[in-house]
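Subject: Structure handover

Hello,

Here is the structure I said I would pass on. My notes on what turned up in it follow below.

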Amino acid sequence: MSTNIIAIVGRPNVGKSTLFNRLIGQRKAIMDNVSGVTRDRSYGHGDWCGKYFTVIDTGGYVHGSDDIFEAEINRQVELAMNEADVILFMVDVDAGLTSLDEEFANVLRRTDKPIYVVANKADTNARMHQMGEFYALGVGIDIFPISSQSGSGTGELLDEVVKHFKDEGVEDPDAGIPKIAVLGRPNVGKSSFVNLLLGQERNIVTDIAGTTRDAIHARYNAFGKEFIIVDTAGLRRKSKVSEDIEFYSVLRSVRALEEADVCIVILDATRGIEAQDVNIIALAEKNRKGIVILVNKWDLVEKDTHTTKKFEDEIYSRIAPISYVPIIFTSVVTKQRIHKAIEVAMDVYENKTRKIPTSKLNDLLLPDIERYPPPAIKGKFIKIKYITQLPTHNPTFAFFCNLPQYVKEPYMRYLENRMREHFDFTGVPIRLLFKKK
Ligand code: GDP
Ligand code: GDP
């Protein structure tokens, strides 16, 4: 099964993002917009009559100033030509044909991908008739008048578009690809880290030209690992310079955290662990995310044989009782352990998604329970009969027993420790539930 991709191109303000939002309907837009990084893409998933597709709003990129329109046109069209199965070239019937539309048409003529001209803002009959002038563009299989705002005409358009799909497509092309959030206070090195992973010096156009179709879904590929860096663009766009940038950056981190499978929390080695770092880690644990701590700027620290241990002790004591989080000492500047950081994040993802067979859980844990059973409470004995992993996104284990309400915190900790001894849950919060059997 392949991924069907629709790309929307066109000059600013014709209504691309309005159509994009309509096509993805209730489905979520996925934005990635890492500050300082050359990529800024918005794409989402939709379906029509049982066919799944991915839509790219090529205009979702950072808009350049007026004098770089030519580059902007090339960039959008190049992206669409490389990635799309069908290109929607959007124009505005209200504004009429403009010279920028003509420039787009000139570039679009270079591709043999199917193109439809979408005459947007055809809200009324009168406006719909104005679409005739766009035939002069001389591109596209056909012209469809639509109103992205009301949705009229979009069904007819999609009926045609889906005819170009090879098959019904995949519902969620990102399934199974680890989503990573890079979090931390300002200035710890987040964007330097992401830039290093992505290869810094490529400019947008060559970046896109080198992008394979699959790159949309396996969007980042560093050290041979595929992953998605989640970040939420929307919040930053809304924040005016005068507004509380710190507030928005926190909100943004929270959103990214919620979307992620694994959170890479970066600390600044020259400052040690601070209150806000502890908050981020606690929030990640509360949301049951995988967690990896990077102590970055390690190149700036004077080291002796005890330095690493001292840092680790300090961090573990501040984030107690969380003890399962790996800590890696990195330097983005000297590229120290950057590869390792990604490898560990991938391992954490593995640990988080692992499913343990019931038989294995019981074979390993029941002997532990027999050796050290839950203490009797009020003369009543607690018998744990069997254990099974629940089919949830985060490792959750149900312990079936006669008196679940009598299992207390210290015993739960004992069981959690035993589980962590038997199975690798490095970096992953696990949850134990006690159920009546
Ligand atoms: P983009 O820059 O191409 O992504 O354009 P937007 O989607 O941001 O839309 C630009 C403006 O056109 C916004 O004010 C939209 O509300 C408006 N707009 C979009 N679609 C329609 C439509 O079908 N009819 C009308 N009347 N306005 C629209
Ligand atoms: P962000 O705000 O977390 O995205 O931080 P930046 O990536 O913008 O980095 C803030 C500053 O720290 C920049 O001047 C970087 O060059 C510097 N920096 C980042 N990582 C390292 C590192 O590992 N070692 C040193 N010495 N400086 C670093």
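Two strands pair if DSSP finds at least two bridges between them. On that basis strand β15 (residues 396-401) pairs with β16: six bridges join the two, and they run parallel. One facing couple in this pairing is F397 and L432, the latter in β16. Please keep in mind that this is a predicted model.

The sheet

β15 and β16 belong to an open sheet of three strands, in the order β14-β15-β16, with mixed pairing. The edges are β14 (384-389) and β16 (431-436); each has a single partner strand, so one side of each is left without a neighbour in the sheet. On average, neighbouring strands here are turned by 25° against each other, direction ignored.

L415 and L432

L432, the residue opposite F397, also comes up in a C-alpha distance: 8.5 Å separates its C-alpha atom from that of L415, and the two residues are 17 apart along the chain. L415 sits in helix α14 (residues 409-422). Is L415 buried or exposed? The cut-off for buried is 20 or more other C-beta atoms within 10 Å. L415 has 22 within that distance, and therefore counts as buried.

The two ligands

Around ligand 1 there are 15 residues, and the closest are G15, K16, S17, T18 and Q149. Which helix gives the most to this shell? Helix α1 (residues 16-24) does, with three residues. By class, the shell around ligand 1 holds two nonpolar, ten polar and three charged residues.

Ligand 2 is likewise surrounded by 15 residues, of which G189, K190, S191, S192 and V332 come nearest. Here the most is given by helix α6 (residues 190-198), with three residues. The shell around ligand 2 divides into five nonpolar, seven polar and three charged residues.

The protein as a whole

The protein has 14 helices and 16 strands. Of its 437 residues, 40% are buried. As for contacts between residues at least 6 apart in sequence, 75% of them join residues at least 24 apart.

For a look at the model on screen, two places to begin are the shell around ligand 1, with K16 among its closest residues, and the shell around ligand 2, with K190 among the nearest. After those, the β14-β15-β16 sheet is another place to visit.

Regards

Technical notes: Residues are numbered from 1 along each chain as its sequence is written. Chains are lettered from A and ligands numbered from 1 in the order in which they are written. This is a predicted model: local features need pLDDT of at least 70, side-chain atom pairs count only at pLDDT 80 or more; totals for chains, interfaces and linings use all residues. A residue is near a molecule or strand if its C-beta atom, placed from the backbone, lies within 6 Å of it. Helices (H or I, at least four residues) and strands (E, at least two) are DSSP runs, numbered from the N terminus. Ala, Val, Leu, Ile, Met, Phe, Trp, Tyr, Cys and Pro count as nonpolar, Asp, Glu, Lys and Arg as charged, and the others, Gly among them, as polar. A residue is buried if 20 or more other C-beta atoms lie within 10 Å of its own, exposed if 12 or fewer, and partly exposed in between; C-beta atoms are placed from the backbone. Two residues are in contact if their C-beta atoms, placed from the backbone, lie within 7 Å. Axes are lines fitted to C-alpha atoms, for helices over the stretch in contact, and angles run from 0 to 180 degrees between N-to-C directions.
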